Amino acid sequence: MTRFHHRSHCYQPLRRKAIAGLFVLLFPVFLPFLFIPFSHASPSTFSEWNVPKPRHLPLLRSALQRENSNGDQSDLWAPLTDQGWRPCLGSVNAPSLPQKSEGYLQVFLDGGLNQQRMGICDAVAVAKILNATLVIPHLEVNPVWQDSSSFMDIFDVDHFINVLNDDISIVKELPDEFSWSTREYYATTIRATRIKRAPVHASANWYLENVLPVLQSYGIAAISPFSHRFSFDNLASEIQQLRCKVNFKALVFVPHIRALGDALVHRLRYPPGESEAFSTNYLRETTDQNDKQRPQKFVVLHLRFDKDMAAHSACDFGGGKAEKLALAKYRQTIWQGRVLNSQFTDEELRSQGRCPLTPEEIGLLLAALGFDNSTRLYLASHKVYGGEARISTLRELFPLMEDKKSLATSEERVRIKGKASLLAAVDYYVGMQSDIFVSASPGNMHNALVGHRTFENRKTIRPNMALLGQLFLNKSITWSEFRQAVVEGHQNRQGQLRLRKPKQSIYTYPAPDCMCQA
């Protein structure tokens, strides 16, 4: 009996293991959805957000029922009238280029395409102040987009050098005697030739006092980081106008970017028939037809609604608890939770205009302004957080919405595929050719295009974020009330020239520094 009792204790663990093993084998049979690969999991199971429903359904229903204007949109599409200002870069009487340079100036630029673009303009201005030879700026790999495109991959370097030939000396690369001055060299330890602590918006005098001595001692100075490291105020007029000359004249995209941009603009202006498909010979095939076809107008919408923007805003976008947790985790990973907006409620942020407009909200704004469902809309965006599900409401409102993928063949897009800076360059180029440009939220692309289009007197709609935030919080507002408030709130936000104030960017507000009253 004792022996049997002892054996039963030995067998019980074995029996439990056998039952557990059988349970593991049968568990997938009864609950198969838990064992689907993550790449094929349903949104409700493993996705970080649930497909959002329209947040402004009554307004959306009314907007979808709006009548077509039948072409009576003359005021809406009318170009800006002459505002009495002209670019005046040609009148610059800048000092002649000295025969001897103080040394080589290197700058290392982080950020996305448009932040780097502004940094390039600043680098030219600083090189002018220091009488330095500028080395073509090094563009850092963006930690979010992981794009390693160089200056020469994006901009026409020969055009850049030729346009600025009388202003500063520029070299594509360092001579052999300074070939050691690389990013890797400065990453290992403190170097005497690296300027690491340039203050944000540093003055011209700061560079003369802190960088010029390094140039004179070593023949080279490398500034890293450099983005946003040069003041907008208290500068000589020729320095301000040189910055604009770089931005609006010297920085031209490489030929293949311009060619693709021209093709996209052409297809927006002269859309093919329903039975026609795009091909690599599309432009050549339709040249004769275009002589008889009237060019159509189009709007470029810059929809900055990527995960980075959504997380940093700390706003609620209707994706449920899973989305909130996912964005909070992302904030913690990228910024260690140090995001100013996260201390406010969603209602407080929206009432202050601090939340980016969702695709649904920007669609309602455009509809309220009078754009009907026959409007040709080009979507300038890299990645939209939530993908097509998030964009679907905007597409309902504007079924003729296009983007790079819908307008160009895969063969045409092969050189820009997966390269965020080149994709942004195409969008920038198309944005400059559009009849109207509108951005769903402030940011570097918005600021750059607002400034460039101001310089060329082109219509640009600037959403009144605070007004829209308050309107969208009002759940009882009717379509008629919403539309009236939107129209009235945007009468003076459609490209009217605004003069730059102290501390404001010359790249967003080029007047009066780079424009003269006619």
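These legends go with a set of close-up views of one predicted model.

The model is predicted, so local features need pLDDT of at least 70 and side-chain atom pairs count only at pLDDT 80 or more, while totals for chains, interfaces and linings use all residues. Residues are numbered from 1 along each chain as its sequence is written, and side-chain values use heavy atoms, with hydrogens and water left out.

**View 1. The whole protein, before zooming in.**
Start with the big inventory: the secondary structure comes to 25 helices and 13 strands. Helices here are DSSP runs of H or I with at least four residues, strands are runs of E with at least two, and both are numbered from the N terminus. Of the 518 residues, 49% count as buried; buried means under 20% relative accessible area, exposed means over 50%, and partly exposed is in between, using a 1.4 Å probe and protein chains only. Now take the contacts between residues at least 6 apart in sequence: 78% of them join residues at least 24 apart. A contact means heavy atoms within 4.5 Å.

**View 2. Strand β2 and its partners.**
Strand β2 covers residues 104-109, and 5 of its 6 residues are buried. Strands pair through backbone hydrogen bonds, either parallel or antiparallel. For a pair to count here, DSSP has to find at least two bridges between the strands. β2 pairs in the parallel sense with β7 (residues 220-223) over 4 bridges, and with β3 (residues 133-135) over 2 bridges, again parallel. Look for Leu 105: Leu 134 is its bridge partner in β3, and Ala 221 stands opposite Leu 105 in β7. Further along, 2 bridges join β2 to the parallel strand β4 (residues 138-139), where Leu 139 is the bridge partner of Leu 109.

**View 3. From β2 over a helix to β3.**
Follow the chain from β2 through helix α5 (residues 113-130) to β3, and you have traced a right-handed β-α-β unit. Right-handed means that, with the strands pointing away from the viewer, the path from the first strand over the helix to the second runs clockwise. In the loop between α5 and β3 sits Asn 131. Its phi is near 55°, a positive value in a residue other than glycine. That's worth a second look, because most residues other than glycine have a negative phi.

**View 4. Arg 183 and the residues it touches.**
Arg 183 belongs to helix α8 (residues 183-188). Is Arg 183 buried or exposed? Neither, quite: Arg 183 has a relative accessible area of 40%, so it counts as partly exposed. Leaving aside residues up to four places away in sequence, Arg 183 touches Phe 108, His 138 and Glu 140. Take Glu 140: it is 43 residues from Arg 183 in sequence, yet the two are 9.3 Å apart in space, C-alpha to C-alpha.

**View 5. Helices α22 and α23 side by side.**
Two packed helices are described by the angle between their axes and the distance between the axes. Here α22 (residues 420-433) and α23 (residues 444-455) have axes that come within 10 Å and cross at roughly 35°. Each axis is a line fitted to C-alpha atoms over the stretch in contact, and angles run from 0 to 180 degrees between N-to-C directions. From α22, the contact uses Ala 424, Asp 427, Tyr 428, Gly 431 and Met 432; from α23, Met 445, Ala 448, Leu 449, His 452 and Arg 453.

**View 6. An open sheet of 5 strands.**
Reading across this open sheet, the order is β10-β9-β8-β11-β12, with parallel pairing. The edge strands are β10 (401-402) and β12 (460-461), and each pairs on one side only. Inside the sheet, β8 (residues 298-302) pairs with β9 (residues 376-380) over 5 bridges. One spot to find is Phe 298, whose bridge partner in β9 is Arg 376.

**View 7. Some backbone oddities.**
Most peptide bonds are trans. Which peptide bond is cis, with omega near 0°? The one from Ser 224 to Pro 225, and Pro 225 lies in the loop between β7 and α11 (237-250). Another cis peptide bond joins Ala 511 and Pro 512, with omega about 10°. Pro 512 is in the loop between α25 (479-489) and β13 (515-517). Lys 503 is also found in the loop between α25 and β13. Phi of Lys 503 is near 75°, a positive value in a residue other than glycine, and at 71% relative accessibility Lys 503 counts as exposed.
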